Amino acid sequence: MANDFKRFQVSSASTSTGASGSTAYTVPAGSGSSALESIVIGITLSNKTATGITGDVYLDGFGGTDTYIVKGASIPAGSSLEVMAGNKLVVQNDGSNADVLRVEASRAASLDATITVLEDV
């Protein structure tokens with residue numbers, strides 16, 4: 001089992017909400033479609049406009065439990081927000097179904113997101 005640090009990015013996140021938000025990260029299945037866990041170690045939301053916006057990070061859980069990691073977080077013009085702030089989030093794939101992290105923006109073409117993950121833990 002090799003641990004791999006990976007970075008995923010979303011440019012101009014969708015204004016759709018919940019399970020329709022922009023996919024930022026989907027936990028892959030392990031080799032041979034086995035279960036695999038990943039640890040999210042960083043989520044940064046960046047406002048690339050000249051006015052304030054809000055951003056959401058949503059966990060579309062494969063077990064049917066969907067939750068917001070952050071909802072309606074204010075991000076001033078030209079600024080960024082570090083969502084994790086030292087916390088870690090374990091996400092999973094059971095070999096057939098996967099957790100999905102999604103990002104959402106209050107205004108179209110305003111929000112970029114960067115997700116840092118340690119996979120295969």
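This is a short tutorial chat about reading a predicted protein model.

User: Hi! Where do I start, and how many helices and strands are in the protein?

Analyst: Start with the secondary structure, and keep in mind that the model is predicted. The protein has nine strands and zero helices. Going along the sequence, the pattern reads β-β-β-β-β-β-β-β-β.

User: Okay. What radius of gyration does the protein have, and what would a compact globule have?

Analyst: The idea is to set the value beside a rule for globules. A compact globule with 121 residues would come out near 14 Å, and the protein has 14 Å, so the two agree. You can also look at the box filled by the C-alpha atoms, which is roughly 45 × 25 × 20 Å along the principal axes.

User: And what share of the contacts joins residues 24 or more positions apart?

Analyst: Here you look at contacts with a separation of 6 or more, and 79% of those in the protein are between residues 24 or more positions apart.

User: Let's talk surface. What percentage of the residues is buried?

Analyst: Buried residues are 39% of the 121 in the protein. As for the outside, the protein exposes about 5,900 Å², and 48% of that comes from carbon and sulfur atoms. For charge, count side chains: 12 are negative and 7 are positive, with the centres of the two sets 10 Å apart.

User: Now single residues. Is D56 buried or exposed?

Analyst: Relative accessibility tells you, and under 20% means buried. D56 has 9%, so it counts as buried. You'll find D56 in strand β4.

User: What does D56 touch?

Analyst: Leave out residues up to four places away in sequence, and D56 touches Y68, V70, K71, G72, R102, V103 and E104. One of these also gets a polar contact: the D56 side chain reaches the backbone nitrogen of G72 at 2.6 Å.

User: How about T65, buried or exposed?

Analyst: The exposed class begins over 50%. T65 counts as exposed because its relative accessibility is 56%. T65 sits in the loop between β4 (53-60) and β5 (67-75). Its C-alpha atom is 14 Å from that of R102, and the two residues are 37 apart along the chain.

User: Which residue has its C-alpha atom 5.4 Å from that of S14?

Analyst: To read this, put chain separation beside distance in space. The residue is E104: S14 and E104 are 90 residues apart along the chain, yet their C-alpha atoms are separated by 5.4 Å. S14 is in the loop between β1 (4-10) and β2 (22-26). Beyond four places in sequence, S14 touches S20, S22, V103, E104 and A105. The S14 side chain also reaches the backbone nitrogen of S16 at 2.8 Å. With a relative accessible area of 22%, S14 is partly exposed.

User: Last one: what is the sign of phi in most residues other than glycine?

Analyst: In most residues other than glycine, phi is negative. Now look at A85, which isn't a glycine but has a positive phi near 45°. A85 lies in the loop between β6 (80-82) and β7 (89-93), and its relative accessible area of 60% makes A85 exposed. D120 isn't a glycine either, and its phi is positive too, at about 65°. D120 comes in the segment after β9 (111-119). At 23% relative accessibility, D120 counts as partly exposed.

Methods: Residues are numbered from 1 along each chain as its sequence is written. This is a predicted model: local features need pLDDT of at least 70, side-chain atom pairs count only at pLDDT 80 or more; totals for chains, interfaces and linings use all residues. Side-chain values use heavy atoms; hydrogens and water are left out. Helices (H or I, at least four residues) and strands (E, at least two) are DSSP runs, numbered from the N terminus. The radius of gyration is taken over C-alpha atoms; the globule rule is 2.2 Å times the number of residues to the power 0.38. Buried means under 20% relative accessible area, exposed over 50%, partly exposed in between (1.4 Å probe, protein chains only). Contact means heavy atoms within 4.5 Å. Accessible areas come from the Shrake-Rupley method with a 1.4 Å probe; for residues, only the protein chains shown count as cover. Lys and Arg count as positive and Asp and Glu as negative; His and the chain ends are not counted. The place of a charge is taken as NZ of Lys, CZ of Arg, CG of Asp or CD of Glu. A polar contact is a pair of N or O atoms within 3.5 Å; within protein, one must be able to donate a hydrogen and the other to accept it, and residues adjacent in sequence count only if both atoms are side-chain atoms.
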